[in-house]
Each structure stands twice: as C-alpha cells, then as structure tokens.
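Here are a few short exercises to work through with the model open in your viewer. Try each task before you read its solution.

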Amino acid sequence: MSKERVYIGTIRVERATNEWQREYALPVGFKERYTEEEQKALREICDLSDQECEEMRKVYKTFPQKLTLCDSTSSQGDCLILGWPEEADAQAYAAFWLLEQMGGDYMGDREGFDEAWEKGEYDPGGPMLISKDLIEIEGEKQEKHD
C-alpha cells in the first residue's frame, strides 16, 4: 500500500489576479523551453481577456469551501479535486455549470447537464485540476490506497 497526501483546502479567489491567470495559461516551463519568438507567439495565443479572467474568478468563487484535494501526479503545481462536503453539492453543481459555459460539453445544454448531474453521471471530460497557488490548505490527512 502506498500513501497519498490528501488534504482539505479552500480556493482563495483573490490570488487569481488577471496577471496570474495569464501567466498560468501558458505551458509549463514556458520561459525555459521556448525561444523569445515562440514565447511571444504563445503569449498571443494564450492571452486571456479581462472578461475571461473575471469569468474564471466567478467560477473559483462559486466552488465550495473545504474541497478534498490531492497532489496531481500528471500536472506539477496543480492539485486534483477529489470531492467536497455533501452539504455543498449545490455549490459544486453551480461551479461546474459555470465551467461548462466556458466551452465544455454541456455549453448551453442545461437539461443535459442537470440530467447527468442528477444521475451521478456528470463527467467534466478530464481531471478536475486547480493550481496549488490558489489553494489555502486547512488540514491534511493520510489515506491509504492500494
């Protein structure tokens, strides 16, 4: 059996400044892996508008407090959202709905989203990752996994 770091944390919305979001949108190792010309092109491709940054802050603000998280093994600097308190399910629902409206599979399909959520079949289409920079860790526990 291996041990994995599992902790409780809350998203600190105020840390998601426009500047931080624009930098975070760039690929990992951006400055080390790309020439200056490539960096300029990537900055243009990955540039987020102020409105897009504000929309993401709305999503971050909507997520419940006391998320259960673990360190991501696939994306350094991120953590994987494992869950949230049962009583905060409505907040999680609202947050994922907002995320879907930013280009997800359920964009504009509230009925389909509601149905999938109610059946416990909602799939965000990938891991639910969030930057550790935005998380305030409030507690930690060790859980054993096979």
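**Exercise 1.** Find what share of the chain is buried in this predicted model.

*Solution.* Start with the cut-off: a residue is buried when its relative accessible area is under 20%. Applied to the 146 residues of the chain, this gives 34% buried. Next, turn to the surface: the accessible area of the chain is about 9500 Å², and carbon and sulfur atoms hold 47% of it.

**Exercise 2.** Work out the order of helices and strands along the chain.

*Solution.* First count the elements: there are 6 helices and 5 strands. Then read along the sequence, which gives β-α-α-α-α-β-β-α-α-β-β. Finally, look at the contacts between residues at least 6 apart in sequence: 70% of them join residues at least 24 apart.

**Exercise 3.** Describe the largest pocket and its lining.

*Solution.* Begin with the space, about 770 Å³. The lining has 27 residues, with M56, Y60, L99, M102 and L129 nearest the centre. Sort the lining by type, and you get 18 nonpolar, 5 polar and 4 charged residues. Now trace the elements: helix 4 (50–62) is among those supplying at least two residues, and helix 4 gives the most, with 4.

**Exercise 4.** Do the same for the second largest pocket.

*Solution.* Its volume is about 280 Å³. Of its 14 lining residues, E23, Y24, L26, V28 and Q76 are closest to the centre. Helix 1 provides the largest share, 3 residues. By type, the lining splits into 6 nonpolar, 5 polar and 3 charged residues.

Technical notes:
Residues numbered from 1 in each chain as written. Predicted model: local features only at pLDDT ≥ 70, side-chain atom pairs only at ≥ 80, totals over all residues. Heavy atoms only, no water. 1 Å grid on protein atoms, 1.4 Å probe; cavity = no way out; pocket = protein on both sides within 12 Å on 5 of 7 lines; lining within 4 Å. Points joined across faces, edges and corners; volume = space filled by probe spheres on them. Nonpolar A, V, L, I, M, F, W, Y, C, P; charged D, E, K, R; others polar. Buried < 20%, exposed > 50% of the residue type's maximum accessible area, 1.4 Å probe, protein only. Contact = heavy atoms within 4.5 Å. Areas by Shrake-Rupley, 256 points an atom, 1.4 Å probe, with all protein chains shown as cover.
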